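Student: I am new to this structure and should like to understand one part of it properly. Please choose a single strand residue, examine it closely, and then place it within the whole.

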Amino acid sequence: MNKVKVLLVDDEEEFVSALAERLDIRGIEAHVATDGEQALEMIENDTFPVIVLDVIMPGISGLEVMQRINAKQIDTVVILLTGHGSTKEGLEGMRMGAFDYLMKPLDIDELISKMHEAIESKNS
């Protein structure tokens, strides 16, 4: 079975690095971007079946990144991460086509389950 490849986008460097390590231990190839511009550059140069995208980031927000992904018709599935008070943005992201949104603090097993569901939905 091929490894799941994911791009994690979050401005909290310690959080996203630790998450990438934890996913790697579970056999998921995790790449990290710490802002929207870096994420868009990585998306231009590589293929990620799943992108886990923080909604609120300095500079380009997660929703703006998602708009650009949609405008370029990039073949990926987006799962949004939201914090306290950003449920509204998570719902907005769902209206824009996000597969789902998860609340921080994150349950890694729930994230992995959502990633697999997202890939299955993309392939069906």
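Tutor: The answer below begins with the conventions, turns to the chosen residue, and then widens to the rest of the protein.

The model is predicted: local features need pLDDT of at least 70 and side-chain atom pairs count only at pLDDT 80 or more, whereas totals for chains, interfaces and linings use all residues. Residues are numbered from 1 along each chain as its sequence is written, and side-chain values use heavy atoms, with hydrogens and water left out.

The residue chosen is Leu 7, which lies in strand E1 (residues 4–9). Helices (H or I, at least four residues) and strands (E, at least two) are DSSP runs, numbered from the N terminus. Is Leu 7 buried or exposed? Its relative accessible area is 0%, and Leu 7 is therefore buried. Buried means under 20% relative accessible area, exposed means over 50%, and partly exposed is in between, with a 1.4 Å probe and protein chains only.

Which residues does Leu 7 touch, once its neighbours within four places in sequence are left aside? Contact means heavy atoms within 4.5 Å. By that criterion Leu 7 meets His 31, Val 32 and Ala 33, then Ala 39, Met 42 and Ile 43, and finally Phe 48, Val 50, Ile 51 and Val 52. Strand E2 covers residues 28–33 and has the highest mean pLDDT among the elements, 98, whereas helix H4 (residues 87–95) has the lowest, 90. Here pLDDT is the predictor's confidence in each residue, from 0 to 100.

From Leu 7 one may look towards the other end of the sequence. Ile 119 is 112 residues away along the chain, yet the C-alpha atoms of Leu 7 and Ile 119 are separated by 13 Å. Ile 119 belongs to helix H5 and, with a relative accessible area of 19%, counts as buried. Beyond its neighbours within four places in sequence, Ile 119 is in contact with Val 4 and Val 50. Val 50 is also one of the contacts of Leu 7. Ile 43, another contact of Leu 7, has its C-alpha atom 17 Å from that of Ile 119, the two being 76 residues apart along the chain.

A second buried residue may be set beside Leu 7. Met 66, in helix H3, counts as buried because its relative accessibility is 1%. Not counting residues up to four places away in sequence, Met 66 touches Leu 53, Val 78, Leu 80, Gly 93, Met 96, Gly 97 and Ala 98. Gly 97 is 31 residues from Met 66 along the chain, with 8.6 Å between their C-alpha atoms.

Two other residues are not buried. Arg 22, in helix H1 (residues 13–25), has a relative accessibility of 40% and therefore counts as partly exposed. Gln 73, in the loop between helix H3 (62–71) and strand E4 (77–82), counts as exposed because its value is 71%.

Gln 73 also has an uncommon backbone angle. Most residues other than glycine have a negative phi, and most peptide bonds are trans. The phi of Gln 73 is positive, near 50°. The bond from Lys 104 to Pro 105 is cis, with omega near 0°, and Pro 105 is placed in the loop between strand E5 (100–103) and helix H5 (108–123).

It remains to place Leu 7 within the whole. Along the sequence the protein follows the pattern β-α-β-α-β-α-β-α-β-α, with 5 helices and 5 strands. Its radius of gyration is 13 Å, close to the 14 Å that the globule rule gives for 124 residues, so the protein is as compact as a globular protein of that length. That radius is taken over C-alpha atoms, and the globule rule is 2.2 Å times the number of residues to the power 0.38. Of the 124 residues, 45% are buried, and Leu 7 is one of the buried residues. Among contacts between residues at least 6 apart in sequence, 59% join residues at least 24 apart. For the model overall, pLDDT averages 93, and 98% of the residues score at least 70.
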